[in-house]
Amino acid sequence: MRILIVEDEQKLAEIILRSLQGEGFAGDIAGTIADGLHLATSGHYDLIILDLLLPDGLGTSLLQHLRELRNQVPVLILTARGDIDAKAKSFAAGADDYLSKPFALPELLMRVRALLRRSPAMRDNLIKVADLEVDRDNHQVRRAGRRIEVSPKEYSLLEYLILNQGRVLSRSMIIDRVWDQSFDGVTNIVDVYVRQLRLKIDENFEPKLIRTVRGLGYSIDIEYFS
Ligand code: CA
C-alpha cells in the first residue's frame, strides 16, 4: 500500500511519512500541487493525504483535476481551516475524509485505515493463502496457527504478494508498491526481503508458498504446489 502526502510543511510531511512507514506503508511527499499532480498521475497510490493551502494554490484544485481524470483514489484532506465552509468545499471537490490540524497521529492512521478498507483491495481484513493468515487490522501473520513476527517492510511485501496471489510480480512492480519513490537502490533489495520472508513463512512449513519465477519475479501461490 502506497500513500502520497501533499503537504508543504516539510516537517509535518516527514512526521506523517514516518508514522505511515512504521505501519508498513510506503509513501512519497510532494510540497506543491504541481508535484503532487505529477506523482499522483504517474505512480500508483492507494490513498492521498492532501493539505488544503499549498504554495501554488488550493489542494482542492488538485483533487478536482484527479476526479476529472476519473482517478478515484481516496483523498483525505488535512488542513488548519476547520470551518464548515472549507469542509463543504473539500467534499464537493471529491474528498473522502477531512481532518483538521492540529491532529493526533493515531487519529490520522485510524482514518487512513478506514479509507483504505473501502477500496476493493482492502475489503477483507483477513487474507489467506493455504494455512497462512494475515490480519490486516493488526498486521499479525500466522501460519498453521502459529504467530510469525514480521517487520513492517516484510509485512508490506507479504500483503502485496497475497493480494495478488497467483500472479507473478516483477521486482520493479514490487519496488513500486512496497518501497517509495525516493528509493534508488538496486532491485535485488526485493530478493533480500523475499529471502527473509521465506525463512519466516516457508522454511518450517509445507507446502512452500513463495514461488520464484526465473527471470520474471515472484508470486505467492497454492495451486502451483498442490
Ligand atoms: Ca499548507
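The following exchange goes through the reasons behind some labels used for this predicted model.

Me: Why is Asp51 called buried?
Reply: The cut-off for buried is under 20% relative accessible area. Asp51 has 3% relative accessibility, so the residue counts as buried.

Me: Why is Leu53 called partly exposed?
Reply: Partly exposed covers the range between the buried limit of 20% and the exposed limit of 50%. Leu53 has 45% relative accessibility, so the label is partly exposed.

Me: What makes Asp8, Asp51 and Leu53 donors of the calcium ion?
Reply: For Ca, a donor is an N, O or S atom within 3.2 Å of the metal. Asp8 and Asp51 each coordinate the ion through OD, and Leu53 does so through O, at 2.1 to 2.3 Å. These values lie within the cut-off, so the three residues count as donors. Along the chain, the donor residues follow the spacing D-x42-D-x1-L. Water is not among the atoms, so the site may look incomplete.

Me: What makes the pair Asp51 and Lys101 a polar contact?
Reply: The distance limit for a pair of N or O atoms is 3.5 Å. The side chains of Asp51 and Lys101 make their polar contact at 3.2 Å, which is within that limit. Beyond four places in sequence, Asp51 also touches other residues, among them Val6, Asp8 and Leu78.

Me: How do you know that β3 is largely enclosed?
Reply: Asp51 has its place in this strand, which spans residues 47-51. Five of the five residues of β3 are buried, so the strand is largely enclosed by the rest of the structure. Both directions are covered: Leu47, Ile49 and Asp51 point one way, Ile48 and Leu50 point the other way, and all are buried. In a regular strand, side chains alternate between the two faces of the sheet.

Me: How do you know that β3 pairs with β1 and with β6?
Reply: Two strands pair if at least two bridges are found between them. Strand β1 (residues 2-6) and β3 share four bridges in the parallel sense, and four bridges also join β3 to β6, again parallel. Four meets the requirement of at least two, so both count as pairs. On the β1 side, Leu4 stands opposite Ile48; on the β6 side, Ile49 stands opposite Leu76.

Me: Why are β2 and β7 placed at the edges of the sheet?
Reply: The open sheet has five strands in the order β2-β1-β3-β6-β7, with parallel pairing. β2 (26-30) and β7 (97-100) each have a single partner strand, so one side of each is left without a neighbour in the sheet. Neighbouring strands here are turned by 20° against each other on average, direction ignored. The partner of β7 is β6 (residues 75-79), joined in the parallel sense over four bridges, with Ile77 bridged to Tyr98.

Me: What makes β12 and β13 a hairpin?
Reply: Strand β12 (residues 210-213) and strand β13 (residues 217-220) run antiparallel and are joined by four bridges. Three residues lie between the two strands, and Gly215 in this turn has a positive phi of about 80°. One of the bridge pairs is Arg211 with Ser219.

Me: Why is Arg198 called partly exposed, and what does it touch?
Reply: Arg198 is found in helix α8 (residues 188-201). Its 25% relative accessibility lies above the buried limit of 20% and below the exposed limit of 50%, so Arg198 counts as partly exposed. Beyond four places in sequence, Arg198 touches Glu203, Ile210, Arg211, Thr212 and Tyr218. With the side chain of Thr212, the side chain of Arg198 makes a polar contact at 2.8 Å, which is within the 3.5 Å limit.

Me: What makes a group of residues a nonpolar core, and which residues have the most contacts inside the largest one?
Reply: The members must be buried residues of the listed nonpolar kinds, joined through side-chain atoms within 4.5 Å. The largest such core has 28 residues, and Val141, Leu158, Ile174 and Ile220 have the most contacts inside it. Its largest share, six residues, comes from α6. A second, separate core has 21 residues, including Leu50, Leu52, Leu66 and Ala95. Around Ile220, the contacts beyond four places in sequence include Val129, Leu158 and Ile201.

Key:
Residues numbered from 1 in each chain as written. Predicted model: local features only at pLDDT ≥ 70, side-chain atom pairs only at ≥ 80, totals over all residues. Heavy atoms only, no water. Donors = N, O, S within 2.8 Å, 3.2 Å for Na, K, Ca; no water. Buried < 20%, exposed > 50% of the residue type's maximum accessible area, 1.4 Å probe, protein only. Axes fitted to C-alpha atoms, helices over the stretch in contact; angles between N-to-C directions. Contact = heavy atoms within 4.5 Å. Polar contact = N/O pair within 3.5 Å; in protein donor to acceptor, adjacent residues only side chain to side chain.
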